[in-house]
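Welcome, and please open your viewer. This short tour tells you what to select at each stop and what you will find there.

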Amino acid sequence: MGEWMGAVVALAIIAVVAWLMIRSWRRRTKRDETLSAYPVPTTLPAPTLETEVLYVATTPASQPLERLAVPGLAFRGAARIELSPEGLVLRIAGEPPTWLPAERLVAAGEATYAIDRGVEPEGLIAVTWIAHSADPEVEAPQVDSYLRARYPGDPARIIAAVNDIAAAHVATRPDQQQESEASDD
C-alpha cells in the first residue's frame, strides 16, 4: 500500500509541475503576442557572412534571464545566420526564418549567460535589435538575441559584421540628415 501511495504522490507532484509549466508558457505567449521579428524579404543579396550557430534565446534588452516568446524565436536550436548589408537572417531548425533588417539592428557584443545557458566568459553573442510591435500605442522594445558560435573565430567575425551593418545604417538614416540640415539653417 505504501508503494502505491508514494507513486500517487509522485504523479500528483509531476502533474502539478507540468500544469504550472504549461500555464506559465501560455501567459508568456499571451504577454508577447504583439512582438515579432520581421518577414524575410523575397529577394536578398548574397550574404557577406554565413555561419552555423546555436540559437539560445531572445530576451528584453539587458535582461538575460527573462525569455520572450517571440514567434520563430521562442525555442533554442541549431541555426544558421546569414549577414548582408541589408540585415541578418536567422534560420533556426524547425522554425520559420527570421529577418532582422539593418535599420532595426542596434549592436552586438559578448555575453556570458542567458536563460538556461551559462558558458565561459564572453562565450555568447548578444545581438541587440528593435522588435516589431503590432500594438501601435506601444513603443517597439529593444531585445537581445543570444547566439553561440560553433567555430573558433566566428564570435569576433559575427560581432564585427553586425556592428558594421548597424553603424553603416545609422550613418545613412535620412531622418538624421534632415535634422542636421534643419539645424544648419
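Start with the whole chain in cartoon view: this predicted model holds three helices and eleven strands. Follow the chain along its sequence and you meet the elements in the order α-β-β-β-β-β-β-β-β-β-β-β-α-α.

Now switch on the surface. The chain exposes about 10,900 Å², and 59% of that comes from carbon and sulfur atoms. Of the 185 residues in the chain, 36% are buried. If you display contacts with a separation of 6 or more, 62% of them link residues 24 or more positions apart.

**Stop one: a hairpin**

Select residues 87–92, which form strand 4, and then residues 98–101, which form strand 5. These two strands run antiparallel and are joined by four bridges. Five residues lie between the strands of this hairpin, and Gly94 has a positive phi near 85 degrees there. For a pair of residues facing each other across the strands, pick Val89 and Trp99: Val89 stands opposite Trp99.

**Stop two: the two sides of strand 5**

Show the side chains of strand 5. Which residues point the same way as each other? Thr98 and Leu100 point one way, while Trp99 and Pro101 point the other way. Buried or exposed, what are these residues? All of them are buried.

**Stop three: Pro101**

Stay in strand 5 and select Pro101. Why does Pro101 count as buried? Its relative accessibility is 6%, and the buried class means under 20%. Leaving aside residues up to four places away in sequence, Pro101 touches Tyr38, Glu86 and Gly87, so add those three to your selection if you like. You can also draw a distance from Pro101 to Val89: the two are twelve residues apart in sequence and 8.5 Å apart in space, C-alpha to C-alpha.

**Stop four: a cavity**

How many cavities of 30 Å³ or more does a search of the whole structure find? The search finds one. The largest cavity has a volume of about 40 Å³. To see its lining, select Leu73, Leu88, Leu90, Leu100, Val127, Trp129, Ser145 and Leu147. Leu100 may look familiar, as it belongs to the strand 5 set from stop two.

Colour the lining by class and you get seven nonpolar residues, one polar residue and no charged ones. Finally, colour by strand: strand 4, strand 9 (124–130) and strand 11 (142–149) each supply at least two residues of this lining.

Key. Residues numbered from 1 in each chain as written. Predicted model: local features only at pLDDT ≥ 70, side-chain atom pairs only at ≥ 80, totals over all residues. Heavy atoms only, no water. Buried < 20%, exposed > 50% of the residue type's maximum accessible area, 1.4 Å probe, protein only. Pairing = 2+ DSSP bridges. Contact = heavy atoms within 4.5 Å. Areas by Shrake-Rupley, 256 points an atom, 1.4 Å probe, with all protein chains shown as cover. 1 Å grid on protein atoms, 1.4 Å probe; cavity = no way out; pocket = protein on both sides within 12 Å on 5 of 7 lines; lining within 4 Å. Points joined across faces, edges and corners; volume = space filled by probe spheres on them. Nonpolar A, V, L, I, M, F, W, Y, C, P; charged D, E, K, R; others polar.
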